[in-house]
Amino acid sequence: MSETESLPTPGLCELLRQSSLFKHLDETELAALEQVLEWFVLPGGATLFETGDASDALYILRSGSLGAFRRRPDEEIEHRIGLIAAGESVGELGLIVDQPRSATVRALRDSELLRLSRAAFNDLVQRQPRAMLEASRVAVERLLMRRSGDLASAPRTLAVLPHDAGIDAREFALALQQALSDYGSCRLLDATEAADKTSSWFAEQETASHFVIYLAGNDNRDWRELCVRQADALLQLAHARGAPSPWAERACQGAQQALHRPRHLVLFHARGEIEWGRGAAWLAAAPDARLHHWCRRGDIERIARLVAGRSLGLVLSGGGARGFAHIGVVRALREAGVRIDSVGGTSIGAIIAAGVAAGWSDEEMVERYRRAFVAGRPLSDYTFPFVAMTSGRRVSELLQQAFGERHIEDLMLPFFAVSANLTSGDAMTHRNGLLWYWLRASSAIPGVLPPLFHDSQVLVDGAVINNLPTDVMREQAVGDVVAVDIGADDVLHAGVEEYASPHSWRLLLDKLRKPRRPGVVDILLRAGMVNSKAANADRRAKASLLLAPPVTGVGLLDWTAYERAIELGYQYALREIGGQKDALADDTPLL
């Protein structure tokens with residue numbers, strides 16, 4: 001930590017008024033607080049405190065950005081678990097509970113902080129007991145955010161970095177500024193306006209505005225590097241049809257040293273539609289970046305929501321033929337004006353989600369999935385059950401026909417599919433690669449469809465481990481998550497009679513009588529979902545809005561119930577969205 005210096009007063013009182021901890025204080029108390037706060041600068045990459053350190057103070061971030069890091073058990077690398085933006089505080093929980101620091105906090109870029117010692121905090125609480133109440137409230141809110149998976153504040157300073165002069169970075173930056181203005185004041189700074197300005201001037205701009213966009217170019221290396229240093233997140237722009245290559249060398253080096261600052265790769269498609277294959281090629285030049293496609297102005301609005309943490313992610317569960325209800329739910333959400341910004345799912349949920357991510361209309365979805373699952377008879381290729389009851393070739397062919405050779409990187413919306421890795425015992429999340437291939441893995445119902453054998457790993461239906469992957473969506477730092485669960489409430493009934501080892505003639509007689517006894521396929525399907533049911537309660541809790549269409553009357557493999565399942569999902573969603581419609585459409589957080 002750098003040595004403390006005399007406290008700069010301009011804007012300090014306003015900063016304290018905006019702070020959740022001190023906004024209730026009157027002018028006298030604010031003046032007294034200013035006298036005991038210690039101001040200092042923490043260079044980018046420097047550590048504020050380490051896990052296990054004594055909790056001797058709390059801090060208010062005046063400008064810059066801090067990251068909270070924690071090392072998971074049995075892992076050497078640290079993971080960023082939170083981001084502290086300008087105006088926010090850090091360290092208050094340790095003071096309240098008198099426990100050592102629970103995480104390591106570092107400066108993600110040059111930052112200015114205000115330090116309030118334990119002694120000064122205790123004095124404040126003696127005079128103003130409400131200060132303890134406010135500090136406790138902030139601490140509890142963070143614990144709840146951590147439990148829900150919403151761990152990080154949204155970036156507030158963004159660097160727009162064009163790959164070359166051929167991309168209109170200013171057009172993008174202006175549209176981004178307008179879109180971000182819906183969530184707070186937004187300032188756009190370029191090299192001309194910021195020429196010869198001091199670090200204090202930049203701090204003032206970041207304090208005065210909720211968002212600041214730093215627009216870089218390729219003709220001013222010093223300004224470009226300053227943009228990288230000042231940014232909480234980097235937006236790298238490129239022409240999709242251009243030759244992929246790394247960004248300007250020094251700026252790219254700065255990005256690599258950005259200590260887990262998010263990087264966004266924005267590909268501009270001049271023809272207004274995504275050109276297949278370009279996403280993967282460009283991602284190779286920008287490793288670990290999050291990919292976005294820019295075809296029209298509405299795409300910049302979606303990017304703004306994603307960057308600002310105000311987006312909506314849709315998660316669709318597995319559940320066999322009942323998953324057709326997802327099509328009806330998606331239609332109802334669209335009719336309600338809900339803007340879906342990212343999507344993912346498991347098994348049939350992943351397959352339906354892929355259509356949403358591809359930009360298919362409601363009519364396209366109904367017709368394409370009818371051809372694949374009703375007319376296509378996906379499980380009609382029965383074989384000797386050495387590995388599974390079917391060969392799996394029919395499902396693979398139908399998925400290829402529906403999605404072609406498109407890669408996940410070529411989809412309009414960010415997308416993921418979940419499969420279960422029987423080799424490692426872990427869930428696998430697929431965010432890139434051949435779309436139909438990973439959908440085949442995600443929907444490989446054990447015993448019904450053969451596993452997908454990939455790179456010496458055995459992959460099966462993701463429902464075995466994670467049938468409602470809201471946790472995966474939360475890791476993407478979205479604002480709200482709408483989850484549709486059509487698989488968690490299924491129950492198998494064994495009928496009236498009980499026997500452990502029935503004879504074949506008795507089973508045949510039961511079949512003729514049509515009892516409520518499950519068949520082998522029902523048992524296999526249900527067995528593949530039971531293991532994830534206990535965890536589903538926690539995953540359901542991670543949803544801002546949980547939808548559970550009443551589709552228990554639809555068989556898990558009843559493809560003929562296609563229209564009925566869609567209508568059940570549609571009518572249910574219309575009723576359930578109800579009062580949530582305006583909140584979802586207006587991007588108002590539901591939590």
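This passage describes aromatic ring pairs, and positive charges placed over aromatic rings, in a predicted model.

Across the whole structure, the search finds 17 aromatic pairs. One of these is formed by F268 and W294, whose rings lie 4.6 Å apart from centre to centre with an angle of 55° between their planes, so that the arrangement counts as tilted, edge-to-face being reserved for planes over 60 degrees apart. This pair links distant parts of the chain, since F268 belongs to strand β13 (residues 263-268) and W294 to strand β14 (residues 290-294), the two residues being 26 residues apart. W294 has a relative accessible area of 4% and is therefore buried, the cut-off for that class being under 20%.

A second tilted pair is formed by Y369 and F373, with 6.3 Å between the ring centres and 40° between the planes. In contrast to the link between strands β13 and β14, this pair lies within a single element, helix α14 (residues 362-375), where Y369 and F373 are four residues apart, or about one turn of the helix. Both Y369 and F373 are buried. Ring pairs also join these two residues with F324, W360, F403, W559 and Y562 into a cluster.

Charged side chains were examined in relation to the aromatic rings as well. W360, a member of the cluster that includes Y369 and F373, has R368 over its face, at 4.3 Å from the ring centre. A lysine is placed in a comparable way elsewhere, with K197 lying over the face of W201 at 5.1 Å from the ring centre.

Terms used: Residues numbered from 1 in each chain as written. Predicted model: local features only at pLDDT ≥ 70, side-chain atom pairs only at ≥ 80, totals over all residues. Heavy atoms only, no water. Phe/Tyr/Trp six-rings, centres within 6.5 Å; stacked < 30°, edge-to-face > 60°. Buried < 20%, exposed > 50% of the residue type's maximum accessible area, 1.4 Å probe, protein only. Lys NZ or Arg CZ within 6 Å of the ring centre and 35° of its normal.
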